[in-house]
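Biologist: Before we discuss any details, could we look at the model together and then go through it by question and answer?

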Amino acid sequence: MQNQIYPCLWFDGQAKEAADFYCTIFKDSKITTDSPMVVNFEINGKKFMGLNGGPKYKFSPATSFVIECETQEEIDFYWEKLGTGGKYNQCGWLDDQFGVSWQIVPKILKELMSNPERSEKVVEAFLKMSKFEIQKLIDA
């Protein structure tokens, strides 16, 4: 038997609204079941659960979802769509309108950071950024 592991996101009555929002942004996404208490949905084929648990718990950046992007166009898309109504932070982080934290990062960042001769300059460059700009990282 293979046990599936998936996140359960605790909302204050907004689980269906959040699932609908995420399903409009990510391709291959859908709501699989919906009840007043729990909404199950998939994003890019990965299972999620939204729980209408009430106001007791809040999201924090201690848990975030990372979206690794190939191009600047992808970064711009997710940055705009997920950030609408939310809060933009430093170094590719944002909180969406529901308070869920996301990191929108360029795939090339790992490669740039693994080069000891360039990594310090890359860090200096991205510490000045809110949304990552791939060309500025490459030029650093």
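Biologist: Let us begin with a single side chain: is K110 buried or exposed?

Modeller: The model is a predicted one, and in it K110 has a relative accessibility of 57%. The cut-off for the upper class is over 50%, so K110 counts as exposed.

Biologist: With which residue does the side chain of K110 meet in a salt bridge?

Modeller: K110 belongs to helix α3, which spans residues 109-113, and its partner sits in strand β5, 42 residues apart from it, so that the pair links distant parts of the chain. The partner counts as partly exposed at 40% relative accessibility. With 3.1 Å from N to O, the side chain that meets K110 is that of E68.

Biologist: Which residue forms a salt bridge with D76, and which parts of the chain does that pair tie together?

Modeller: D76 is partly exposed, with a relative accessible area of 29%, and its closest N and O atoms to the partner are 2.9 Å apart. Because D76 lies in helix α2 and the partner in the loop between α4 and α5, the pair ties together parts that are 55 residues apart in sequence. The partner, partly exposed at 26% relative accessibility, is K131.

Biologist: How many salt bridges does a search of the whole structure find?

Modeller: Besides the pair of E68 and K110 and that of D76 and K131, the side chains of E133 and K136 meet at 3.5 Å, N to O. E133 is partly exposed with a relative accessible area of 31%, and K136 is partly exposed with 49%. For the whole structure, the search finds a count of five.

Biologist: Turning to the strands, why is β8 described as largely enclosed by the rest of the structure?

Modeller: The side chains of S101, Q103 and V105 point one way from β8, while W102, I104 and P106 point the other way, and all are buried. Strand β8 is largely enclosed because the number of its residues that are buried is six of the six.

Biologist: Which strands pair with β8, and in which sense, parallel or antiparallel?

Modeller: Strand β5, residues 64-69, pairs with β8 over six bridges in the parallel sense, and there F65 stands opposite W102. Strand β7, residues 93-95, pairs with β8 over three bridges, with Q103 as the bridge partner of W93. The hairpin of β7 and β8 has five residues between the strands, and G99 takes a positive phi near 95° there. The senses are therefore parallel for β5 and antiparallel for β7.

Biologist: With which side chain does the side chain of Y22 make a polar contact?

Modeller: Y22 lies in helix α1 and is buried, with a relative accessible area of 1%. Leaving aside residues up to four places away in sequence, Y22 touches F11, F41, I43, L82, D96, F98, V100 and W102; among them, I43 is 21 residues apart from Y22 in sequence and 7.4 Å apart in space, C-alpha to C-alpha. The polar contact of the Y22 side chain, at 2.5 Å, is with D96.

Biologist: Which elements are included in what covers the buried residues of α1?

Modeller: The buried residues in helix α1, residues 15-25, are A15, A18, A19, F21, Y22, C23 and I25. What covers them includes β1, β2, β3, β4, α2 and β8.

Biologist: How much area is buried between domain 1 and domain 2, and what fraction of it do carbon and sulfur atoms give?

Modeller: The chain is divided into domain 1, residues 1-58, and domain 2, residues 59-139, and the contact takes 13 residues from each of domain 1 and domain 2. Between the two domains the count of salt bridges is zero, and the rule finds one residue pair in polar contact across the interface. The buried area is about 1,200 Å², and the fraction from carbon and sulfur atoms is 76%.

Biologist: Which residues of domain 1 lose the most area to domain 2?

Modeller: On the side of domain 1 that touches domain 2, the elements giving two or more residues are β1 and α1, and the largest share, five residues, comes from α1. Together giving 42% of what that side buries, the residues that lose the most area are F21, I25 and F26.

Definitions and conventions
Residues are numbered from 1 along each chain as its sequence is written. This is a predicted model: local features need pLDDT of at least 70, side-chain atom pairs count only at pLDDT 80 or more; totals for chains, interfaces and linings use all residues. Side-chain values use heavy atoms; hydrogens and water are left out. Buried means under 20% relative accessible area, exposed over 50%, partly exposed in between (1.4 Å probe, protein chains only). Helices (H or I, at least four residues) and strands (E, at least two) are DSSP runs, numbered from the N terminus. Two strands pair if DSSP finds at least two bridges between them. Contact means heavy atoms within 4.5 Å. Domain bounds come from an automatic or database domain assignment. Buried area is the accessible area (1.4 Å probe) that two parts lose on being put together, summed over both. A salt bridge is a side-chain nitrogen of Lys or Arg within 4 Å of a carboxyl oxygen of Asp or Glu. A polar contact is a pair of N or O atoms within 3.5 Å; within protein, one must be able to donate a hydrogen and the other to accept it, and residues adjacent in sequence count only if both atoms are side-chain atoms.
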